[in-house]
Amino acid sequence: MGPSLKTSFKKTRSIAPLYTSGPVAVTTDGQRIITCIGDQILLTEIASGTEICRFQSDSEDITSLSVTPSSSHLLAFTAANALRVFELPGSNVPINAPIRPIRIIARAHDAPVHVCTTDPTSTYLASGSADGVVKVWDIVKGYITHIFKGHGGIVSALVFSFPHDPSSVLTTPAMKLFTASVDTRIRMFDLSSTMTKGAGGLKPEAVLEGHVSVPRSLDVSDDGKWLISGGRDSVVLVWDLQPASQTDIKGKGKAKQTRPQLVRTVPALERVEAAGLIKTSEGALTFFTGGDKGMVKVWDGRTGKVLYTLGSEGRPVTQDDDEEQRQIVDVIFNADTSSLISVHADQNIMFYSLATQQLTRHLIGFNDEIVDASFLSSPTSTDSHVAFATNSSLIRVYSVSTADARLLAGHSDIVLCLDTSAGGRILASGGKDHTARIWSMKDSLGDWGLACSGICEGHTESIGALALSRQHHTGDSFSGFVFTGSQDRTIKMWELVDIPFTHSVGTPPKQFKSLCTQKAHDKDINTLDVAQNDKLLASGSQDRSAKVFEIVYTTGKSGSRGELKLLGTCKGHKRGVWSVKFSKAERLLATGSGDKTVKLWNLEDFSCVKTFEGHTNSVLRVEFLTNGLQLVSSASDGLVKVWNVQSEECTTTLDNHEDKVWALAVSQDETTVVTGAADSIVTFWEDSTTEEQIEKETKRAELVLKEQDFVNYVALNQFQQAIQLALDMQQPGRLLNLFKTIAASEEAKSGLSLTGNAAVDEVIRTLPGPELVKLLRYVKEWNANAKTSPVAQVVLYAIMKLRDAGMVMKAFGEEVLDSQLSRGFVPGVKGEQLSGSTALKELVEALIPYTERHLARMNRLLQESYMVDYILSEMDDGMVQLEDDESMDVSLI
C-alpha cells in the first residue's frame, strides 16, 4: 500500500511583523513586550513570540509610551498629541479584539510628546513635549498635577526619583522629577513641596550643567543618591544627589543647602542614545550605555571603566547596513529577569543575560520581503531551524520550537537564494555581492547560530540560484559540490572539501575554487536543482526554457574534475521559468513559470507529460510531496496549492498571504511546509490529513447514532427529545418533517395546543437562547417557500405566543455571545458589543414580506372559494329544475 495523499494542512504558527519603529516597553516581570508597527501597538509574549493582543489606534503614529511598574496600565501618546490610557490584560491568552482605551485625552500637549515615564508607585505619569513643557498626570483620575515650563527646547529625557528606605518607617520620602532638554541642561523638580501650589511654570530646585549636547537618558538609583546622564556628546555624567553639607566660610557657620555635584565624567566614545543604572541588591554603582556602535557596554560608575560588552562589533558595514541602521535607539533594564534589552534602528530587539553575559533571545521586528527559505538541522534535531533570505544582506535563522532568531552577517549586499545539504547541516547562500557562502553551526557554548565556513567568488553578476549536492554524508564534515547560477548567464561548479558540520569559533572561512563554468542560458538564471543521485542538474531561466545537464564529477590523486554535459531542453512555457525541482521517486522534472502553470517533464525524452493550471499569477516555487505523488506550488497570487500528480487536480489551497509567495520549504518528513512572502509574513503549515479524517469519521459515527436516536424518539412519540436532537444535529429537513407529522396528528385536530402537541409547546417555551435563534432561522427559510410556509407559520405563531419579545431579544444576545466566544473574543473586553438587535432586525425584516404574501394568497383563495360555492349553488338549482321537467315529461307520456 502506497503513501496516503495529503489533503489538508492547518496553520500552526506565523511570524508576522513585530516592530518597525517607535518606542518599546517591557512589563516588570520581563515576560511581555510592547512594540509599535506604525500606528498599531502590539503586546507580545517574549518566550514564544506569540502576539497576545493589539490596542485600538487613532490612525496616528505612536510617539511615546510607558508601562506602569505594576503592569496594570499602558499609556501612549500619538502624533495627534493625544494621551490614550489602556488596561493591560492580566493573562497571556490571545485576544482577537483590539483593546479599547479606558481614557482618551484629546489634546494632552500642544506639541508632540517624545518622552514619557511613570513613577515607581504607578500613580503618576510625566510627559515632555517638543515645546519644552513637562506635565505630570494622575494616571487613574486623568488630571494634571504639575506643569513645568522653561525648558530650552524639546524635552529629551525624564525620570522620577522616589527613594525608599525600608529601615525608615516614619519618614516620607520626597518625590522628585528630573528632566533634560536640548539646551543640554538637566533640571530637578521637587513634586512634594509644590503639590499644593497648583501654579504653572514652577521653578526647578537645581539646574545641572555639564553636557555640551542633548542628554538622551537619565536614571536615578533606588536610594536617590546617584544620577547618571548620557548624551550625544559621547559622555556619561555621574552626579551625587546627596553630597555632604558644607559650611559657608564667610557666613556665620550656617549650613548651605546641598545641591547635586558632578563626581565623574565617563567618556563613552560613541553617541549615547540610552543609559541607565543596573539596580542590584549589592549596591554597586554599575550602569549601561548603548549608542551608534550597536553594542551595550556595562560600566563601573566609580572607576569609569568598561566591565564587559554585550553584542558584537564584528558585523560588517555594507551598503544597506550602515552605521545609522546598526545603532541602538533604546536599552531597557529588567530587574526581575536580570537582563538588558537593546532596541536597534534596524528593527532588531536583543535580550542579554547579565548573569551569563550572553545573548539569550533575539526578536526580529521586521523581515521585509522574504525571497527564499530553507530548513536546517542541528546536531541533535532534524529541521530544528529555518533560514530566510530577505531584502537584506543578513540571513535570518529562526528556531522552529521557540521562534528565537539569529542574524548571519557576511554578505555585503542583498541575499537572493538559499539551499541546504541533504541532512540539513550545511547552508549555502548567494547574493548580489557576486559571492556564494557556505555556513555551518557554531560550536560556541550557551549560544547558537551559524558561522561562515567557506566563500565562492568568481561570478561577475548577482547569484540568483544555487544548489548543493544531495548525497548524505556521515562523519563530522561535508564534502561535495555546489552549483551557482548568475545573471551573467553562466553556471559554475564549486568543489567543497571537508566543511565541518560544527564550525569552530575563530576559524577563518575557506576559499573554494571553481571546477567548471558553463554558458547555460540566453537570459538570467532563476533556479537550479540537483537530482537525488547527484547525476543530473536542472536549470530554469528567463529565456522560458529549462535545461537538464549531466554532472561529471571525479576525484583522484591529481585533483578533482567537474563538467556539465547538456542532455536536453524542456521547452513549452510562455514566460520565464522561476522554479525547477527533480522528483525523488521517478525520472520527472517539475517546473513553475510566469505563465501561471506548473509543468511535469519526462526526463527520457524531455517532453511535457502534465500541466497544472489554477494559479492566477506567476508560479514562483515548486516542491514534490508524498514520494512524488503530489506537488506543492506557490505563486504571485499569494496562494499555495497542493496538487495530485495523477489527476492533475488541486487537492487543497493554503491562503495566509497577501503578496507574492517567494519562499517555499518542505521539511524532510514532509509534514511541515513553510511559506514566506513579500508581505513579510512567514507561515508554518502542518499536515492535518490524518487528524481531519479521524475527526470526520468520529463526527460521522456520532451522526449515525444521533439519527438512530431521532428515529426512535419519533417512533415513540417523544417529540421533545426529537426536536432538541434535530436542532443539535442542525438538520432542518428532519425538523420540518417532524412538525408536519405533529400537525397531521389527531391531537392537532382537537386544537388544544398551539403546535398540535402539548409536549412540543413546552419544548418551544423552554428552548435555550441559541437553540431558539436557530429554530427561528429555520422558520425564516421555511417561510420563504409556499409549500413549507404553513408549518413555518404554525411554529412562528407558537413562538410568539409562548415567548415574549424581551426573551427573544435576550436569546439573540446569547447567540451573538456564543459566536464571539467561538471566534476567540474574551467576554468583558472593552469595545465588544454583545447586542443581537441587528440580527433580530434582519430576521423580522425577512419574515414580514413573505408572511404578508402568504396572507394575501390565503385571502385570494378565500375569495375564490366563495365564487366556487356560488357556482356550485347555481349549478345545484339548475339541476333540480331539470329533474322536475323530466318528471313532468314522463308523467305526460
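These legends go with a set of close-up views of one predicted model.

**View 1. The whole chain, before zooming in.** The protein chain runs to 893 residues, and 50% of them count as buried. Its secondary structure comes to ten helices and 58 strands. If you look at contacts between residues at least 6 apart in sequence, 49% join residues at least 24 apart. The accessible surface adds up to about 41,100 Å², with 50% of that belonging to carbon and sulfur atoms.

**View 2. Leu42 and its neighbours.** Here we're looking at Leu42, which sits in strand S4, residues 40–45. With a relative accessibility of 1%, Leu42 counts as buried, because the cut-off for that label is under 20%. Leaving aside residues up to four places away in sequence, Leu42 touches Pro17, Leu18, Ile33, Ile34, Thr35, Ile37, Glu51, Cys53 and Arg54. Phe55 is worth finding in this view too: Leu42 and Phe55 are 13 residues apart in sequence, and their C-alpha atoms are 6.6 Å apart in space.

**View 3. Asp183 and Arg187, a salt bridge with both partners buried.** Asp183 and Arg187 form a salt bridge here, and their closest N and O atoms are 2.9 Å apart. Asp183 is buried, at 15% relative accessible area. Arg187 is buried as well, with a value of 9%. For background, side chains of opposite charge can pair when their charged atoms come close.

**View 4. Glu273 and its arginine partners.** Start with Arg216, which forms a salt bridge with Glu273, the closest N and O atoms being 3.1 Å apart. That pair links distant parts of the chain: Arg216 is in strand S18 (residues 215–220) and Glu273 is in strand S22 (residues 272–277), 57 residues apart. Now shift to Arg232, which also forms a salt bridge with Glu273, this time with closest N and O atoms 2.9 Å apart. Arg232 lies in the loop between strand S19 (226–231) and strand S20 (235–240), while Glu273 is in strand S22, so this pair ties together parts that are 41 residues apart in sequence. How buried or exposed are the residues here? Glu273 counts as buried at 8% relative accessibility. Arg216 is partly exposed, with a relative accessible area of 25%. Arg232 is partly exposed too, at 37%.

**View 5. A network of salt bridges.** Five side chains share this frame: Asp419, Arg470, Asp529, Lys581 and Glu623 are linked in a network of salt bridges. For the wider picture, the count of salt bridges in the model comes to 28.

**View 6. A positive patch on the surface.** Which residues form this positive patch? The members are Arg489, Lys519, Lys523, Arg544, Lys574, Arg575 and Lys596. Pick out Lys519, which lies in strand S43, residues 514–519. Lys519 counts as exposed, because its relative accessibility is 51% and the label applies over 50%.

Definitions and conventions:
Residues numbered from 1 in each chain as written. Predicted model: local features only at pLDDT ≥ 70, side-chain atom pairs only at ≥ 80, totals over all residues. Heavy atoms only, no water. Helix = DSSP H or I, 4+ residues; strand = E, 2+ residues; numbered from the N terminus. Buried < 20%, exposed > 50% of the residue type's maximum accessible area, 1.4 Å probe, protein only. Contact = heavy atoms within 4.5 Å. Areas by Shrake-Rupley, 256 points an atom, 1.4 Å probe, with all protein chains shown as cover. Patch = residues over 30% accessible without salt bridge, like charges linked within 9 Å, V, L, I, M, F, W, Y side chains within 5 Å. Salt bridge = Lys/Arg side-chain N within 4 Å of Asp/Glu carboxyl O. Lys, Arg positive; Asp, Glu negative; His and termini not counted. Charge placed at Lys NZ, Arg CZ, Asp CG, Glu CD.
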